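Biologist: Mind walking me through this one? I'd like to go contact by contact.

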Amino acid sequence: MVFFHKNWRQRRSVLYMPSTNRRVLEKAPHLDCDGVVFDLEDSIADEARAGAHQNLRELVKDTDFGGKERIIRLPQLGSASFAEDLAVSLSCKPDALLLPKVGNASDIEAFQQMLEEAPADLQIWAMIETPQALINLKEIAACGNNTRLNCLVIGPNDLAKETGAKMEPGREVMLPWLMQILAAARAYNLSILDGVYNNFRDLEGLDAECQQGASMGYDGKTLIHPAQIEAANLRFGPSETDIKQAETIIAAFDDPANAGHAVLQIEGEMFEFLHLGMARQLISSLKD
Ligand code: COA
Ligand code: MG
């Protein structure tokens, strides 16, 4: 069941692409993902940075992405090219800027200050991918109250690199962190996106991880390859069973025979007004 938090918008599938690769940038507007992240961090070599800037100006700046969110991932705060990367990124008028390797609230606050002149609706997204972020989670997420911070994004490769925890099928060792990050996001009405699945030829493994992320309550998954979009859209969207159940709940509460009842049983299961609210949200999201 999709979780409709206050800050909800459809973010089932968000695809990274290296800003150096013109061919993928040209394809981006036609893909069926909900968002695209143009990367200026780990997927590009420093000597290719000027080319990446040129690509962003030519292929992203004034391009219609058909309603997809456009996000640019910057390098870490304090890196040599940061100011120039930020200036180029702002000129492309993205929906959000994704800040990697956030360690504490002061990173978000410092970044917020740099965006004083930026349009009011420009969002900050933050990668949670360092041990520092894990121990400072609450203060980072609390920036959702008074900054542009809108979304947390899991970075599993860096988390594994910085902690020694392994990225394994089932993600048993990382689950405690993943759920803590989810709780922090929910406490401050932030969106939250699951991390990438590196083996992009293994669609079965990806599907299992998408199902897991959806049942943990994540809004969607970050992706590295177009072949991964379909599974993410399927697993993070409402299933046919969810839709059918929502319709049944609404019909049951609307039935005059049930007027005045705050709790009903449908086929042996209990449903309360809170389920009715969730059912209505789900049905209305299909009309958007
Ligand atoms: N976005 C859009 N299109 C992509 C893409 C992406 N992330 N990754 C691959 N494609 C395209 C390719 O351009 C290719 O298109 P073409 O047939 O028209 O040339 C098609 O999908 C098939 O690609 P494939 O040959 O299977 O993969 P590849 O070897 O070209 O690329 C990667 C593999 C991993 C290098 C590539 O998917 C990639 O760069 N992913 C994103 C990496 C990234 O941004 N990492 C940082 C965040 S973790
Ligand atoms: Mg990373």
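Modeller: Sure, and keep in mind that this is a predicted model. Let's start at Arg-280, which is partly exposed, with a relative accessible area of 41%.

Biologist: Which residue forms a salt bridge with Arg-280, and which helices does the pair tie together?

Modeller: The closest N and O atoms of this bridge are 3.3 Å apart, and the partner is Asp-254. At 47% relative accessibility, Asp-254 counts as partly exposed too. Asp-254 sits in helix α11 and Arg-280 in helix α12, so the bridge links parts 26 residues apart in sequence. So the partner is Asp-254, and the helices are α11 and α12.

Biologist: Which aromatic pair ties α11 (residues 240–254) to α12 (residues 273–287)?

Modeller: There's a tilted pair with 5.5 Å centre to centre and 40° between the planes. One ring belongs to a residue that is buried at 11% relative accessible area, Phe-253, while the other is partly exposed at 47%, Phe-273. Phe-253 lies in α11 and Phe-273 in α12, so parts 20 residues apart in sequence are joined by Phe-253 and Phe-273.

Biologist: What about Phe-82 and Phe-111: is that pair stacked or edge-to-face?

Modeller: Phe-82 is in helix α3 (residues 82–91) and Phe-111 in helix α4 (residues 105–114), so the pair ties together parts 29 residues apart in sequence. Both rings belong to buried residues. The planes are 75° apart, and over 60 degrees is the cut-off that matters here. With 6.1 Å centre to centre, the pair is edge-to-face.

Biologist: Are the two residues of the Arg-49 and Asp-85 salt bridge buried or exposed?

Modeller: The closest N and O atoms of this bridge are 2.9 Å apart. Arg-49 lies in helix α2 (residues 49–59) and Asp-85 in α3, so the bridge spans 36 residues in sequence. Arg-49 has 9% relative accessibility and Asp-85 has 0%. Buried means under 20%, so both are buried.

Biologist: And in the bridge between Glu-69 and Arg-9, which residue is partly exposed?

Modeller: The two side chains meet at 3.5 Å, N to O. Glu-69 lies in strand β3 (residues 69–73) and Arg-9 in the segment before β1 (13–18), so this bridge ties together parts 60 residues apart in sequence. Glu-69 is buried at 3% relative accessible area. At 35%, the partly exposed one is Arg-9.

Biologist: Which residues are the protein donors of the magnesium ion (ligand 2)?

Modeller: They lie 2.0 to 2.1 Å from the ion. One is in the loop between β5 (123–128) and α5 (131–135) and the other in helix α7 (residues 156–163), so the pair ties together parts 29 residues apart in sequence. The loop donor is buried at 2% relative accessible area, and the α7 donor counts as buried at 10%. They are Glu-129 (OE) and Asp-158 (OD).

Biologist: What do the buried residues of α7 pack against?

Modeller: Those buried residues are Pro-156, Asp-158, Leu-159 and Ala-160. They pack against β5, α5, β6 (149–154) and α8.

Biologist: Last one: which helix gives the largest share of the largest nonpolar core?

Modeller: That core has 64 residues, and Phe-38, Phe-111, Leu-152, Ile-181 and Tyr-218 touch the most other members. The largest share is 5 residues, from residues 175–187, which is helix α8.

How values were computed:
Residues numbered from 1 in each chain as written. Chains lettered and ligands numbered in written order. Predicted model: local features only at pLDDT ≥ 70, side-chain atom pairs only at ≥ 80, totals over all residues. Heavy atoms only, no water. Core = buried A, V, L, I, M, F, W, Y, C linked by side-chain atoms within 4.5 Å. Buried < 20%, exposed > 50% of the residue type's maximum accessible area, 1.4 Å probe, protein only. Helix = DSSP H or I, 4+ residues; strand = E, 2+ residues; numbered from the N terminus. Phe/Tyr/Trp six-rings, centres within 6.5 Å; stacked < 30°, edge-to-face > 60°. Donors = N, O, S within 2.8 Å, 3.2 Å for Na, K, Ca; no water. Contact = heavy atoms within 4.5 Å. Salt bridge = Lys/Arg side-chain N within 4 Å of Asp/Glu carboxyl O.
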